[in-house]
Amino acid sequence: MLTNTLRLALREIRRNVLRSFLTILGIVIGVAAVIVMVTVGAGATAQVTEQIASLGSNLLMIRTGQRMGPGQTTAAPPFDMDDVEALGRDIPAVAAVAPSASQRLVAVYGNANWATMVTGVDNQFFIVRNWAVASGRRFLETELRAGKAVCVVGATIARELFGPQEPLDQLIRVGTFTCTVIGVLEAKGQSTFGSDQDDLVLVPLRTFQRRVAGNRDIGLIQVSVAEGRSTDKAKSDIEYLLRERRRITGSESDNFQVMDMKEITKMLTGTTRILTTLLGAVAAVSLLVGGIGIMNIMLVSVTERTREIGIRLAIGALEREVLLQFLVEAVVLSSFGGVIGILLALSASLGLSRLLQIPFVFNPGIMAVAFLFSAAVGIVFGFFPARKAARLDPIDALRHE
Amino acid sequence: MNAAAAVSPPAPPPLVALAAITKIYGTGTAAMRALRGIDLAIGRGEFVAVMGPSGSGKSTCMNILGCLDTPTAGGYRFLGVDVGSLDRNRRALLRRHYLGFVFQGFNLLNRTSALENVELPLIYRGMGRAERHRRAAAALAAVGLTGWEHHTPGELSGGQQQRVAIARAIVTEPALLLADEPTGNLDTARSIEIMELLTTFNRDRGLTIIMVTHEADMARYARRVVHFRDGLVDADERQGETD
Ligand SMILES: Nc1ncnc2c1ncn2[C@@H]1O[C@H](COP(=O)(O)OP(=O)(O)OP(=O)(O)O)[C@@H](O)[C@H]1O
Ligand SMILES: [Mg+2]
């Protein structure tokens, strides 16, 4: 009986290919959106996780202000070198403390120019970020102390400004000053939405403070926690110390933030989450619209086939058999939508992950969920028309023109 | 006729028995009394023609006999079972297992082959595919449509369509065949073919047939003619074999 019902449903759908396709378009879009969302989201997260793993699991980032949400930060006094020294001195769990300050500037070499992040650091930076210099060298103590015009560039800068040329010992202009390239960083080779880790120019912190910022502020302190020490403990110790130094008392909330891996991940995946939420909304609306589309077309179908239903009832079809027939038809229709949506999503996710340069994460679970969900849409929205068909009066249905 | 009934041994319950059946459509001043007290018993193996002027309640009565409609009042027994006490599902099962319908408008499924149309009632009986094919093909052969199995109603003449409908009605070997003006849409030659087919089934297979017709020529094939007038049985006469 069920195979017959299934065959019947398939035939009914084949009779109206175009109409059936238009009917399931909503489901197709909804399912595709869900899967693309999850796949791309998972890819982005996987990439961010990988990036963070490359940072080392013992990294803490300390920044001023409290982040309210993506991109929103409350104003707060900056850190200074005394804070950095205090952290290194007073917290035994800290292995290395790397202060830094950054600003977006244009780097120029010959005819080539490239907007990049210029960051003032000391040699601790290479330690806490676990980042080696591929060619050339780090800064000398004398260069750091005197604030010399030297720089270490990221792989992206080397590529964009110098191309095939050797960057070492060349002069590049950064904002208003000129510096000598003394080193090129190892490529990290990954990028999240809009942020390329290799797109940076490092200069001595003092050079940055004098030539770029014009103040002694420190925007970000990165700390690596010593091997075998608890990151959570270090984090709360740092928070305690900084509250004291910044004279935050009692119930006053922090005007700085110490982020561990979890929080850094959250920060880096912030844009992904917005995208995910948006696509999720699109998916929900599409599935709803798709469901209503199916209900509509099934109602039309019941009206068109009233006489057929009458014949079936006269021959002895039971109410539930007619119900099942139309329900199966709705479910087959919506499941087709699900399958097409899955195929569409697979190709779209492949294309998108290539475009955004994130890994393609194949997730059979979400495909199964999407398929079952589309089938469920068929059941929910097909039920009312199917019941309408099943409850028809046989004589009225037979008389129907 | 009464004398004949009196000398025959005690009869088993008739196939169908209507007792004081009334049917009123609508309510109040718009009420239409389509049937005003029908008493009718039909035994197994009978071939009954129902005649009467338009609007006399023939179709209404057929729908009640076919368990497609329920009477306003009165009793209907099918093989001794009170149909009035059956719910919608049980009436559907009664139709499935005991009844075959032939309609004036053929009522075949469009865009569906003759064979599949005939198979339809067997599907609802849960019969396997091979057995279904065999039975449906045999039924089509019995109505002289061998070779037309894969034509859709749109590709068949009216007479052929009605023969497909008859094949569909008899494929389940029903206890009772109900035909409401089966030749109403056909020319005389086609009508005679259909009547001869029904006569054959009645004579050779003992199929009980109740048939509504307007044409005296067609009623002549039946062995009993019931006349309706204004929702009542006006006359009920048996006639000799026509051949
Ligand atoms: N569904 C309905 N609603 C209201 N009145 C109806 C309905 N069906 C039939 N009638 C009325 O009941 C009466 C009997 O109708 P019925 O169809 O039984 O007549 P009939 O003998 O079959 O006529 P015909 O020979 O024209 O087919 C008619 O007056 C008709 O108008
Ligand atoms: Mg009629």
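**Figure 1. A:Gln170 sits in the loop between H6 and S8 of chain A.** This is a predicted model, as are the views that follow. With a relative accessible area of 26%, A:Gln170 comes out as partly exposed. Setting aside neighbours within four places in sequence, its contacts are A:Tyr109, A:Phe162, A:Cys179, A:Thr180 and A:Val181. Two of these are worth zooming in on. The side chains of A:Gln170 and A:Tyr109 are joined by a polar contact of 3.0 Å. A:Val181 is eleven residues away from A:Gln170 in sequence, yet the two C-alpha atoms are 5.6 Å apart.

**Figure 2. A:Asp169 shows a positive phi without being a glycine.** The phi value here is near 70°. A:Asp169 belongs to the loop that runs between helix H6 (155–162) and strand S8 (171–174) of chain A. Is this residue buried or exposed? A:Asp169 counts as exposed, at 64% relative accessibility.

**Figure 3. In chain B, B:Cys67 also has a positive phi and is not a glycine.** For B:Cys67 the angle is about 60°. The residue lies in the loop between helix H2 (58–65) and strand S4 (73–78) of chain B. B:Cys67 is buried, and its relative accessible area is 0%. Go back along the chain and you meet H2(B), which B:Cys67 follows. That helix is mostly covered, with seven of its eight residues buried. The buried set is B:Lys58, B:Thr60, B:Cys61, B:Met62, B:Asn63, B:Ile64 and B:Leu65, so a lysine and an asparagine are on the list along with the likes of B:Ile64 and B:Leu65.

**Figure 4. Helix H11 of chain A is mostly covered.** The helix takes in residues 306–315, and nine of those ten residues are buried. Which ones are they? The list runs A:Thr306, A:Glu308, A:Ile309, A:Gly310, A:Ile311, A:Arg312, A:Leu313, A:Ala314 and A:Ile315. Right after the helix, keep an eye on A:Gly316: it follows H11(A) and has a positive phi, near 120°. A:Gly316 turns up again in the next view, where its backbone oxygen is paired with a side chain of chain B.

**Figure 5. B:Arg96, in helix H3 of chain B, reaches across to chain A.** At 8% relative accessibility, B:Arg96 counts as buried. A polar atom of its side chain lies 3.0 Å from the backbone oxygen of A:Gly316. Leaving out neighbours within four places in sequence, B:Arg96 is in contact with A:Ile315, A:Gly316, A:Ala317, A:Leu318 and A:Glu321 on the chain A side. Within chain B, the list adds B:Tyr124 and B:Arg125.

**Figure 6. Chain B meets chain A through 25 of its own residues, in contact with 26 of chain A.** The area buried between the two chains is about 2,300 Å², with 49% of that coming from carbon and sulfur atoms. On the chain B side, B:Leu68, B:Arg88 and B:Tyr124 lose the most area, together 28% of what that side buries. There are three salt bridges between the chains. One to look for pairs A:Glu319 with B:Arg88, where the closest N and O atoms are 2.7 Å apart. Twelve residue pairs across the interface are in polar contact. Helix H3 (88–98), helix H4 (114–124) and helix H5 (129–142) of chain B each give two or more residues to the side that touches chain A. H3(B) gives the most, with six residues. Sorted by class, that side of chain B has eleven nonpolar, five polar and nine charged residues.

**Figure 7. Pulling back, chain B holds eight helices and ten strands.** Its radius of gyration is 18 Å, close to the 18 Å that the globule rule gives for 243 residues, so chain B is as compact as a globular protein of that length. Along the principal axes, the C-alpha trace spans about 50 × 40 × 40 Å. Buried residues make up 49% of the chain. Take the contacts in chain B between residues at least 6 apart in sequence: 71% of them join residues at least 24 apart.

Notes: Residues numbered from 1 in each chain as written. Chains lettered and ligands numbered in written order. Predicted model: local features only at pLDDT ≥ 70, side-chain atom pairs only at ≥ 80, totals over all residues. Heavy atoms only, no water. Contact = heavy atoms within 4.5 Å. Buried area = accessible area lost by both parts, 1.4 Å probe. Salt bridge = Lys/Arg side-chain N within 4 Å of Asp/Glu carboxyl O. Polar contact = N/O pair within 3.5 Å; in protein donor to acceptor, adjacent residues only side chain to side chain. Helix = DSSP H or I, 4+ residues; strand = E, 2+ residues; numbered from the N terminus. Nonpolar A, V, L, I, M, F, W, Y, C, P; charged D, E, K, R; others polar. Rg over C-alpha atoms; globule rule 2.2 N^0.38 Å. Buried < 20%, exposed > 50% of the residue type's maximum accessible area, 1.4 Å probe, protein only.
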